[in-house]
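Reader: I've got a model open on my screen and no clue where to begin. Can you walk me through how to read it?

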Amino acid sequence: IITPDILTTTQLEQELKFYLGKEHQIPILVFPDWETLPYDHFSPHENIISQRLLSLYRMPSLTSGIILVTATTLMHRLPPKNYVENNSFALEINETFDIIQFRRRLENNGYICVSKVIEHGEYAVRGSIIDLFPIGSTIPFRIDLLDTKIDSIRIFNPDTQLSSNKINKIKLLPAKEYPLNDEAISNFRQSWRSRFAGDPLECPVYQSTVNHEKHPGIEYYLPLFFEKTA
């Protein structure tokens, strides 16, 4: 369903869920707009990016259901179809765990290391404990390590920072719609120089990105990170 604006999308989503009832089995995916102005120095809110990436992850396997999207959202290019799946991975209890490799993988996928996890796309490491708020999840998790293995995975409250129920497995989607690995940065560097005149070293957007840093509003340069978009 293509809607004229965000307000209509939100209203339709609520109405569909109401009339279908609580027990309905029909998937309803919302692919939200970034809600930012093109080339403005603001990035979309983490909750919006989380919902977009979750929808992109679920769409390829969707055989029936409803997808809600605004007309303006359809005007933007998307990462390649296999981007989300190829950059997603799962964590299970009792599996072997290399914290250095794990941190490198998170940062290549756009996760940010913080002292206290509150928002989507953040993680914190405190000795043998890792707090993580995966993209696509409505709740954050606390991973307890025992030597080189995952001892437990618990749900935790970002407000109280207290953990509760144990679970066996979590799925981690990439934190951004663009990658920050060496290959993507190389594509970005070459694409930028071929498209824009002048000295790129004088441009803050270019400088931040080639240093693997997230620049506000970089989402509008998404095609530069890939050889081909969707």
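Author: Sure, and keep in mind that this is a predicted model. Let's start with the inside. In soluble globular proteins, nonpolar side chains tend to be buried together. Here the largest nonpolar core has 45 residues, and those with the most contacts inside it are Leu91, Phe102, Leu132, Leu172, Phe188 and Phe225.

Reader: Which helix gives the most to this core?

Author: That's helix α5, residues 182-195, with four residues. Try clicking on Phe188: leaving out residues up to four places away in sequence, Phe188 touches Tyr206, Thr209, Val210, Ile218, Tyr221, Leu224 and Phe225.

Reader: I see plenty of rings there. How do I describe two rings together?

Author: A pair of aromatic rings is described by the distance of the centres and the angle of the planes. This structure holds 14 aromatic pairs. Take Phe89 and Phe102: their ring centres are 6.3 Å apart and their planes stand at 85°, so the pair is edge-to-face, as an angle over 60 degrees counts as that. The pair links distant parts of the chain, with Phe89 in strand β4 (residues 89-92) and Phe102 in helix α4 (residues 99-108), 13 residues apart.

Reader: Are Phe89 and Phe102 buried or exposed?

Author: Both are buried. Phe89 also has Arg105 over its face, at 4.0 Å from the ring centre. You'll find a similar arrangement where Arg142 lies over the face of Phe156, at 4.6 Å from the ring centre.

Reader: Which residues form one aromatic cluster?

Author: Trp34, Tyr39, Tyr178, Phe188, Trp192, Phe196, Tyr206, Tyr220, Tyr221 and Phe225 do.

Reader: Okay, now the arrows. How do I read a sheet?

Author: Strands of a sheet pair through backbone hydrogen bonds, either parallel or antiparallel. Look for an open sheet of three strands here, in the order β1-β3-β2, with parallel pairing. β1 (2-3) and β2 (28-31) stand at the edges with a single partner strand each, so one side of each has no neighbour in the sheet.

Reader: How many bridges hold each pair?

Author: Two bridges join β1 to β3 (residues 66-70), and β2 pairs with β3 over four. For examples, Thr3 has Thr70 as its bridge partner in β3, while Leu29 stands opposite Ile67.

Reader: Which way do the side chains of β2 point?

Author: Ile28 and Val30 point one way, Leu29 and Phe31 the other, and all are buried. Finally, find helix α1 (residues 6-20), which lies across β1, β2 and β3 and runs at about 160° to β3.

Definitions and conventions. Residues numbered from 1 in each chain as written. Predicted model: local features only at pLDDT ≥ 70, side-chain atom pairs only at ≥ 80, totals over all residues. Heavy atoms only, no water. Pairing = 2+ DSSP bridges. Contact = heavy atoms within 4.5 Å. Axes fitted to C-alpha atoms, helices over the stretch in contact; angles between N-to-C directions. Buried < 20%, exposed > 50% of the residue type's maximum accessible area, 1.4 Å probe, protein only. Phe/Tyr/Trp six-rings, centres within 6.5 Å; stacked < 30°, edge-to-face > 60°. Lys NZ or Arg CZ within 6 Å of the ring centre and 35° of its normal. Core = buried A, V, L, I, M, F, W, Y, C linked by side-chain atoms within 4.5 Å.
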